Amino acid sequence: MPVLLVLGVLLLLGGTAVSLYTDLLWFRSVDYSTVFTTVLTTKLLMFVLFGLLMAVLIGANVAIAYRVRPPFRPMSLEQQNLERYRVAVEPFLRTLLLLGSAVFGLFAGLSAAARWETWLLWRNGTAFGQVDAQFGRDISYYAFTYPFLRFVLGFLLTAIILATIVAAATHYLFGGVRLQSGGEKVSPAARAHLSVLLGIVVLIKAYAYYLDRFGLVFSERGVVQGASFTDVNAVLPAKNILVGIAVVCALLFFANIVVRNIFIPVMALGLLVLSAVVIGGIYPAYTQQFRVKPNEVQREAEFIGRNIDATRKAYGIADAVVTDYEGEQTATPGELRADQGTIPNARLLDPNVLPATFEQLQRIRTYFGVPDALDVDRYTVDGVTQDYIVAAREVDQTNLTGQQRNWINEHLIYTHGNGFIAAPANEVDADGQPVFAVGGVPVQGPNGGPSPIRIDQPRVYFGELSPEYSVVNTQQGEIDGPESGGEQQTFNYDGDGGVRLGGLANKLAFAAKFREPNLLLSGAIQPDSRIMYIREPRERVQKVAPFLELDSDPYPAVVDGKMLWIVDGYTTSAGYPYAQRTVLGNATADSQTARRLPQEEVNYIRNSVKATVDAYTGDVTLYQFGERDPVLETWSKAFDGVLRPESEISDELRAHLRYPEDLFKLQRELLAQYHELDPQAFYNKEDFWAVPRDPADAVNRAANAGDGAAAAPAAGNLVEQVAAAPPQPPYYALLQFPGQPASRFSLSTSFVALGRPNLTAYASVSSDPEDYGTIRILELEANDVPGPGQVANQFLTNPQVAESLLALRRNGTNLTFGNLLTLPVGGGLLYVQPVFVRAQGGESFPTLQRVIVSFGTDTASEPTLPEALDSLFGAGAGGGVAPGPGAAPSPSPSASPGAAPAPSTPPVVAGDVPALIAEADAAFRAGQDALRANDFAAYGQAQERLRRALEQLANSARPPATPPAPAPLPTPAG
């Protein structure tokens, strides 16, 4: 056992040493050593300080109890039984005392070390410059000081209670406390010792009552969070009284040292418990039931107002601009043509639908791939700014086959991706495929020309799909993708990313860390080889900034010729008085959430850090951003030199900063209620909103269920399916908000009335540098504007839409409804939903084949957005909108360049039944051929031929109308 114990300790210490050493090397490689040392020294300080305090309190009280043990103990059966234990323990008492104290100290130290953030916030707290509405204390007291005082209070209370328990046990063991003996049950020394400890416990409880007073600003007793009428008028006075009673009770315990009357501490304890029940429980309950409930609106109005004001400030929504909006149900083609800032930029490509399309068309090689969700960003090309669907072409080892899977391939050869992919979000070609502005390996523009976006270094060593670790700059060449001629190329990393692996110590450390002997034995590793690990952008930022919460969606951007990952960082707190608390994970979940924020309650958040990760070198840069944030200032004091000032953000980088999606999701959850400023209306919930459920998610799950024979789910079931769907995600797009002079790259969402499906508001927040972070809200004056769920129902019940979808669904193809966009145009709201078609088969991919639009109660479905707008509003409404699928002829995949065009089908004379049957058969066969070739434009044309032929055939087969009977001849006279 001793040998096994020593080996276990050595393995534990060895593993800890390896982890600390490799962490230190990693932090040095990214130039953030101060983060490592600050966190480590703070943890050690907390461990030693609180662990030693616990050990001293436990050990000292056991030693005191032993020292004041009675020299003589009355003979009794109880004492005779205890004598055996005393004889066994006393020879090893010092060893047991030290070992036991050390165990208590160890657990206390480990628990305290986990609260290193609480310590740093208290030590470096920065004033907010704002005070709470009840006690007039600066917000920093509640955000930084109050949590630390609570921690210390809890620690001391636990330590003294444990000390009391072990002291009482020691007194009992050595005869100071005699439960079954006659005469005096407790020796004078034991009574004095235990009275002091119990008096300290009650004194600590008195301080707890004092702190409870300030904790009322986080109370959940009332209609909203924060001190309510009952808290202020009943609980607060009760806490003040209980502080005094607890102090008196503590003095009575101390008095028991001299008086030596057991009834005094018993009476004191009974008084405290009775007071806590009556004053702290019954009286507040009486006040709530008989004073507040009958007049709750009037009683709570002031405190609801405090909550509204604090919540709007804490979540950064106090400056939201609310504008009344008519919500017209009709519009003219001229009104739509005049709107050149929104409709031409309508985002038809859904980044959550098209990863398979990007991968099939731009993967180039099987070992490359793109993430499961693409991103949206904007670029200015030839003086025109528009939003693009973007992705980095990364290495994806999940596509390696069994024979390719070995240590050398996985860690030395397939190490990186190569390239950047970008397609305008509002354009597709004649086949419904994205029009790639940037793609290929090496990076190129349309038709093999130069890339319109300058990219000096396209290789991706740090990305969302990067392997756990790779060793680069070895004797083994790294696969780099094909050159323009198609020949496979290799590359040797020449940057400074990762940790230098040269030297036996580093090789041993990393071989132990990754449990891989090849890191120690491989002859391909050179002295200047480097090992790359912790490669996912969010993980790298989280490692160097452990005090931040990070947005769930990092996105790639090309800045000054470099490919960077941009990550949004949030400072959060749960200590903003009167502000409503929200669970981050719940508030930011929607139908497209792949990675959620932690299930952590907060009531203050700021997007105060913009972080970048270089895709080639892995360099991490943290920039301060936005308005003054006392929480960030506090962390900046704790981690000096980690953050760069906002002034160092270049103009090109600033042009690619987005308003973060998770923050907007959290803010829209609160805006649904906290747009209401009147406390009485807030209490009555007269005008509360709700984030609509995502109808596209419900329709997609139902539309492709079963055998796929139906074009869409039954409209009757849609209401239930939408109600069970996750919230609709916000979307990025170029948008000209009503009343603004130009379009902005914005993040937008819609709201429905609480308990009703009608649209009631529309919100958008700008990402452009000129007005970044400005939240604008349109509050609809009309109450009959259809919401997203109602519009989805219109789509499914409209005969034209149903027929167009049925034509696309034949032969088992899968339909996917893209993002349902809500666009404020023409004084109303235009809904636009792209429909993607995917044939069966492992190599198929979605292409845009239909666009459905709705305005008011009118709906149209056509192959392109201009055609759909013309169909909905009249000729000319779609002028200026980018063409969609079918707008230009597209040769089939088997056609050779320069081939003569196929002869057109001769017209069929109506009534020629054999010719009509032949035409229908030819159209059906042409559709099948087009479907097998993934040519959906030709498939759509063939389906239209088939529809016309069947319609004419039906008319030809219809029997002629019966002529009216002739009028009877007049009867001759006479």
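## A walk through the predicted model

Proline 442 sits in the loop that runs between S7 and strand S8 (459-460). Let us start right there, keeping in mind that this is a predicted model. The peptide bond leading from valine 441 into proline 442 is cis, and its omega is near -5°. The loop between S7 and S8 also holds asparagine 447. Although asparagine 447 is not a glycine, its phi is positive, at about 60°. Is asparagine 447 buried or exposed? With a relative accessible area of 86%, asparagine 447 is exposed, because a residue counts as exposed when its value is over 50%.

From this loop we can step back to S7 itself, which covers residues 420-424 and runs antiparallel to S4, with five bridges joining the two strands. One place to look for this pairing is tyrosine 388, whose bridge partner in S7 is proline 424. Strand S4 spans residues 384-392 and is mostly covered, with seven of its nine residues buried.

S4 also pairs with strand S3 (residues 375-381), again in the antiparallel sense, this time over seven bridges. Here valine 376 stands opposite isoleucine 389 in S4. Two residues lie between S3 and S4, which form a hairpin. Which residue in that turn has a positive phi? The residue is aspartate 382, with a phi of about 55°, and aspartate 382 is not a glycine. Aspartate 382 has a relative accessibility of 76% and therefore counts as exposed. So you can follow the chain from S4, mostly covered, back to an exposed residue in the loop between S3 and S4.

Further along the chain, have a look at an open sheet of three strands, arranged in the order S9-S13-S12 with antiparallel pairing. Its edge strands are strand S9 (469-472) and strand S12 (499-500), each of which pairs on one side only. Between S9 and strand S13 (residues 530-533) there are four bridges, and these two strands pair in the antiparallel sense. To find the pairing on screen, look for valine 472, which stands opposite arginine 530 in S13.

Our next stop is strand S23, where phenylalanine 751 is found. Its relative accessible area is 0%, so phenylalanine 751 is buried. Tyrosine 762 lies 11 residues from phenylalanine 751 along the chain, and the C-alpha atoms of the two residues are separated by 5.9 Å.

This part of the chain also brings us to the cavities. How many cavities of 30 Å³ or more are there? The count comes to five, and the largest cavity has a volume of about 70 Å³. Its lining is made up of Leu735, Phe737, Gln740, Ala742, Arg744, Ser746, Ser764, Val765, Ser766 and Arg776. Strand S23 (744-753) and strand S24 (759-766) are the elements that give two or more residues to this lining. The most comes from S24, which gives three residues. Sorted by class, the lining has four nonpolar, four polar and two charged residues.

Finally, let us zoom out to the whole chain. The protein chain has 28 helices and 30 strands. Of its 974 residues, 53% are buried. Among contacts with a separation of 6 or more, 69% are between residues 24 or more positions apart. The accessible surface of the chain comes to about 42700 Å², and carbon and sulfur atoms account for 57% of that surface.

Terms used: Residues numbered from 1 in each chain as written. Predicted model: local features only at pLDDT ≥ 70, side-chain atom pairs only at ≥ 80, totals over all residues. Heavy atoms only, no water. Buried < 20%, exposed > 50% of the residue type's maximum accessible area, 1.4 Å probe, protein only. Contact = heavy atoms within 4.5 Å. Areas by Shrake-Rupley, 256 points an atom, 1.4 Å probe, with all protein chains shown as cover. 1 Å grid on protein atoms, 1.4 Å probe; cavity = no way out; pocket = protein on both sides within 12 Å on 5 of 7 lines; lining within 4 Å. Points joined across faces, edges and corners; volume = space filled by probe spheres on them. Nonpolar A, V, L, I, M, F, W, Y, C, P; charged D, E, K, R; others polar. Pairing = 2+ DSSP bridges.
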